[in-house]
Amino acid sequence: MIDKFNSLRVEDRELNRGNSNRIIKWSKPIQGLIKANVDAAVRKNSGTGFCAIYRDHDGEVLAAASLFVETLYDPHVAETLALHWAMETARFLLQKLVQYETDCKRLVDAWTDGRVLQKDYFTRVLLDRKN
């Protein structure tokens, strides 16, 4: 089983100037890789949701998964836990190289720059997955 992944990046987003709605463009992974779009949402007084959708280079959906936990997390911690969960899910379901994409810039910056900003739960979870 492959436990490491190729890359982590922030989703490409454009702002439609005439409208406040965001246009989100999906970009293909390299042929032979799977792309997982990962996200988390924290709902006040309810809990935290994680979701991931896995597609091949043609955009064909290979798998999709979601999970809800009745725990409120800091949004950055939630995004990190969503990535961790998506990696474990991919390892179980797909057993292939996966490129991950998230909308959490702080997570991507910490991963790609190797920055450890503080010794908090966010950092510990991130480092656990990197090593």
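1. A helix's expected span is 1.5 Å multiplied by one less than its number of residues. Keep that handy for helix H1 of this predicted model: H1 covers residues 75-93, and its 19 residues should therefore span 27 Å. The C-alpha atoms at its two ends lie 26 Å apart, in agreement with that expectation.

2. Now for the two ends of H1. At the N-terminal end, Asp 74 acts as a cap, with a side-chain oxygen 2.9 Å from the backbone nitrogen of His 76. After H1 comes Gln 95, which has a positive phi near 50 degrees.

3. Which residues of H1 are buried? They are Val 77, Ala 78, Glu 79, Thr 80, Leu 81, Ala 82, Leu 83, Trp 85, Ala 86, Met 87, Thr 89 and Ala 90. You will spot Glu 79 on that list, alongside Trp 85 and Met 87.

4. Lys 35 deserves a look too. This lysine sits in strand E4, residues 34-43. Is Lys 35 buried or exposed? Its relative accessibility is 0%, so Lys 35 counts as buried; the cut-off for buried is under 20%. A polar atom of the Lys 35 side chain lies 2.5 Å from the backbone oxygen of Ser 27.

5. Finally, please turn to strands E5 (residues 47-55) and E6 (residues 61-69). They run antiparallel and are joined by eight bridges. Within this pairing, Ala 63 of E6 stands opposite Tyr 54. The two strands make a hairpin, with five residues between E5 and E6. In the turn, Gly 59 has a positive phi of about 90 degrees.

Conventions:
Residues numbered from 1 in each chain as written. Predicted model: local features only at pLDDT ≥ 70, side-chain atom pairs only at ≥ 80, totals over all residues. Heavy atoms only, no water. Helix = DSSP H or I, 4+ residues; strand = E, 2+ residues; numbered from the N terminus. Buried < 20%, exposed > 50% of the residue type's maximum accessible area, 1.4 Å probe, protein only. Polar contact = N/O pair within 3.5 Å; in protein donor to acceptor, adjacent residues only side chain to side chain. Pairing = 2+ DSSP bridges.
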